[in-house]
Amino acid sequence: MILDTKTSAEQTIKDLEEVVKKLHSQPHLTIIMVGDNSASAVYVRNKIKTCESIGIKATLLHFAQSWTDELIHEIHRLNADETVHGILVQSPLPSDIPAQEVFDAIHPLKDVDGFSSANIARLYSGDDTGLVPGTPKGIMKILFEYFQMTNDEWRMTNDGEDKTSNLAGKHAVVIGKSTIVGKPLSLMLMHAGVTVTVCHSRTKDLAIHTKMADIIISAVGQKHLIASDMVRPGALVIDVGINVAEEEGRKLSGDCDTDNIATIADITPVPGGVGPMTIAMLLSNVLLAHELQWKN
Ligand code: NAD
């Protein structure tokens, strides 16, 4: 079956809108973009539009070109600005700018992408309650909903007090080991009691691993990487990949042979699967950043 995760993402955004209405101050996200990558421009427009649709203020600082020092200076200015609660530096940055150095300049409580070393260290140490990257956070939400768990039930599992959940003990195969999806997701899955196998471009015979999985999560960016004969009947497949077919009017597809896999397993669609949930989790992180700053 093809899963309807879009409705869940829309509901999440509606719930966040209700939270925004009750706040005493307006949450404010500032996005920094460098250069004129057309795909990034579309993503940024989408993020701003969705923020504004629920009452979050969104400001874009667009530099045609920039230098590391200038960017870091700008980030320090935003860190000190109490009216800015979230700072996001849109990836990819030009190749001559060291991205991690820039992410590390963002105050950890304003780091709504969760890419700073401070927030990565927090996740590594087992704490998923802070600002964590939106895509893996969204995938975990999809899994909690699929296995019908609340976040509190999951935290109990994480603390080792309750082993009765449906998600703990499952075997997930994560394909891709990037710092924005594969690696943080593998940590979050482990914290939820899942047995994790991580595959990547040097993995020999991917199918041997995927055929054993209860959950397959593909974050590669390669069309038709996962065929139906690589999936165990009854498994759950989360397709994170985004592939653009220029020759078919920029038609989007994921990493998986969705229609055939859907006859034997459950699968998230592309477009309309992980993507909308990622945006919802960005908004959730802006509200979390706002809350964390009011607490401190
Ligand atoms: P990346 O290029 O940083 O990482 C790709 C990973 O795939 C690498 O770890 C690589 O080792 C692995 N890989 C490459 N070829 C492989 C193969 N043949 N078999 C197994 N593994 C292989 O990419 P990323 O930033 O992690 O993004 C991955 C995909 O997910 C892209 O298509 C991206 O557009 C998409 N994405 C979607 C969302 C969303 O919100 N839906 C968010 C982030 C990324």
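1. Let's start at the ligand. A backbone N or O atom of His200 sits 3.5 Å from one of the ligand's nitrogen atoms. Please keep in mind as you read on that this is a predicted model.

2. Two more polar neighbours are worth finding on your screen. At Ile242, a backbone N or O atom is 2.9 Å from an oxygen atom of the ligand. At Thr278, the side chain takes part instead: one of its N or O atoms lies 3.0 Å from a ligand oxygen. How much of the ligand does the protein bury? The ligand exposes 850 Å² when taken alone, and the protein buries 70% of that.

3. Now look around the ligand as a whole. It has 20 residues around it, and those that come nearest are Lys177, Ser178, Ser201, Ile242 and Thr278. Ile242 and Thr278 may look familiar, since Ile242 has the backbone contact and Thr278 the side-chain contact described above.

4. Next, the sheets. A general reminder helps here: the strands of a sheet pair through backbone hydrogen bonds, and they can do so in a parallel or an antiparallel way. One sheet in this model is open and has 5 strands, with parallel pairing and the order β5-β4-β6-β7-β10. Its edges are β5 (195-199) and β10 (266-267), each of which pairs on one side only.

5. Let's zoom in on one edge of that sheet. Strand β7 (residues 236-239) runs parallel to β10, and 2 bridges join them. Which residue of β10 is the bridge partner of Val237? The partner is Ile267.

6. A helix also belongs in this picture. Helix α8 (residues 182-191) lies across β4 (171-175), β5 and β6 (215-218), and runs at about 170° to β4.

7. There is another open sheet to trace, made of 3 parallel-paired strands in the order β2-β1-β3. Here the edge strands are β2 (57-63) and β3 (86-89), each pairing on one side only. Ignoring direction, neighbouring strands in this sheet are turned by 20° against each other on average.

8. Within this sheet, β1 (residues 28-34) pairs with β2 in the parallel sense over 7 bridges. If you would like one pair to check, pick Met33, whose bridge partner in β2 is His62. Helix α2 (residues 38-53) lies across β1, β2 and β3, and its direction is at about 170° to β1.

9. Charged pairs deserve a point of their own. In general, side chains of opposite charge can pair when their charged atoms come close. How many salt bridges does a search of the whole structure find? The search finds 7. One of them links Lys21 and Glu18, with 3.1 Å between the closest N and O atoms. Why are these two residues separated by about one helical turn? Lys21 and Glu18 are separated that way because they are 3 residues apart in helix α1 (residues 5-21).

10. Two peptide bonds call for a closer look. The bond between Ser91 and Pro92 is cis, with omega at about 0°, and Pro92 is found in the loop between β3 and α4 (99-105). Val270 and Pro271 are also joined by a cis peptide bond, with omega about 0°. You can find Pro271 in the loop between β10 and α11 (274-295).

11. Finally, have a look at the backbone of His224. This residue is not a glycine, yet it has a positive phi of about 60°. To locate His224, go to the loop between β6 and β7.

Notes:
Residues are numbered from 1 along each chain as its sequence is written. This is a predicted model: local features need pLDDT of at least 70, side-chain atom pairs count only at pLDDT 80 or more; totals for chains, interfaces and linings use all residues. Side-chain values use heavy atoms; hydrogens and water are left out. Two strands pair if DSSP finds at least two bridges between them. Helices (H or I, at least four residues) and strands (E, at least two) are DSSP runs, numbered from the N terminus. Contact means heavy atoms within 4.5 Å. Axes are lines fitted to C-alpha atoms, for helices over the stretch in contact, and angles run from 0 to 180 degrees between N-to-C directions. A residue is near a molecule or strand if one of its heavy atoms lies within 4 Å of it. A polar contact is a pair of N or O atoms within 3.5 Å; within protein, one must be able to donate a hydrogen and the other to accept it, and residues adjacent in sequence count only if both atoms are side-chain atoms. Accessible areas come from the Shrake-Rupley method with a 1.4 Å probe; for residues, only the protein chains shown count as cover. A salt bridge is a side-chain nitrogen of Lys or Arg within 4 Å of a carboxyl oxygen of Asp or Glu.
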